[in-house]
Amino acid sequence: FITAASNLRSMMYSIEPSTRLETKRIAGRIVPAIATTTACVAGLATIELIKYAAKAYNENVPSDNYDIDKELSRYRNTFFNLALPMWVASEPAPTTSNECVEGVTFTMWDRWEFKVQSDITLNTFMGLVQERVGRTDLAVSSVIHGVKMVYMDFMAAHKARKPKYLRDLVKLAPQQSYVDLQVTLEPWKEGIDSPCPPIRVHFQK
C-alpha cells in the first residue's frame, strides 16, 4: 500500500517511481522520526481538529457580534524542539485582508473562479472581472499568467490582444482545462492599482 500510494503521488509531481524494496529502505530509515516528532505533530494537529469538530466556536453568534479575536483564542500554533526541549504555544493571528475596491476584500486564502467557454476573448474575460468586482467603470490594467504579461494597459501593442482568444494568449496546453491569472484594475483611490485575488479560469468545451 505504501509503495502504491507513494508512487501515485510521484506520478502527480513527475517524480520517478520507486520499487517496493526502495520504498521499504526509505520507510525503514524514518521509523525513529515517526515515533517522536511526527507523533507530536500529529497529536497537536488532532487536538486542534477536535476543537473544530466539537464546535468549540459558537455558530449561533450573529455576524455583527462576531469577535474574531475571541474565536482565534480557542486555537493554538505550537512550535517545539525535542532536542532542547522547547515548547511554545501561541494564538493564531487573523488573516490579513486586502482591499480590491470599496466593499470588496479578500485574503490569501481566497480565489475567484470563472467557468467560461473555450472561445472566450481577453476583452470578454476582463468584462467578467469588472462585473465580479462591481465596478465596470474601472478598466483592467494588467493580466498576468505566471511570469508572462498577457495584457498591460500601458503597452500600446497589447491593445490588439483584446479580441484574441484567451486560451491562445496563455498558450493553453491540450491537457490543461484551466489557468491561474493575476489581475489588477485601475486605481480607485490613492493612485495605486487595485489588486484582485488569484483568478482560476476553467475552460469548458
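This passage walks through a buried serine, a set of salt bridges and the start of the chain in a predicted model.

A convenient place to begin is serine 141, a residue of strand E6, which spans residues 140–145. With a relative accessible area of 3%, serine 141 is buried, since the cut-off for that class is under 20%. Its side chain takes part in polar contacts with two partners. One is the side chain of threonine 184, at 2.8 Å, and another is the side chain of aspartate 193, at 3.3 Å. Both partners also appear among the residues that serine 141 touches once positions up to four places away in sequence are set aside. That list runs through Tyr151, Met152 and Asp153, continues with Thr184, Leu185 and Glu186, and ends with Asp193.

Attention can now turn to charged pairs, of which the structure holds six that qualify as salt bridges. Three of them are described here, beginning with arginine 111 and glutamate 113, whose closest N and O atoms are 2.8 Å apart. Arginine 111 is partly exposed, at a relative accessible area of 40%, and glutamate 113 is likewise partly exposed, at 41%.

Aspartate 168 and arginine 167 form another salt bridge, with 3.9 Å between the closest N and O atoms; this pair counts because the limit for a salt bridge is 4 Å. Aspartate 168 is partly exposed, with 46% relative accessibility, and arginine 167 falls into the partly exposed class at 26%.

The side chains of aspartate 180 and arginine 200 also meet in a salt bridge, with an N to O distance of 2.7 Å. Here the partners come from distant parts of the chain, 20 residues apart: aspartate 180 sits in strand E8 (residues 178–185), while arginine 200 belongs to strand E10 (residues 199–204). Their surroundings place them in separate accessibility classes: aspartate 180 is partly exposed at 33%, whereas arginine 200 is buried at 16%, because a value under 20% is what defines a buried residue.

Finally, the chain start deserves a brief look. Phenylalanine 1 is located in the segment that precedes helix H1, which covers residues 2–12. The relative accessible area of phenylalanine 1 is 82%, so this residue is classed as exposed, the threshold being over 50%. Between the C-alpha atoms of phenylalanine 1 and alanine 173 there is a separation of 33 Å, and the two residues lie 172 residues apart along the chain.

Notes: Residues are numbered from 1 along each chain as its sequence is written. This is a predicted model: local features need pLDDT of at least 70, side-chain atom pairs count only at pLDDT 80 or more; totals for chains, interfaces and linings use all residues. Side-chain values use heavy atoms; hydrogens and water are left out. Helices (H or I, at least four residues) and strands (E, at least two) are DSSP runs, numbered from the N terminus. Buried means under 20% relative accessible area, exposed over 50%, partly exposed in between (1.4 Å probe, protein chains only). A polar contact is a pair of N or O atoms within 3.5 Å; within protein, one must be able to donate a hydrogen and the other to accept it, and residues adjacent in sequence count only if both atoms are side-chain atoms. Contact means heavy atoms within 4.5 Å.
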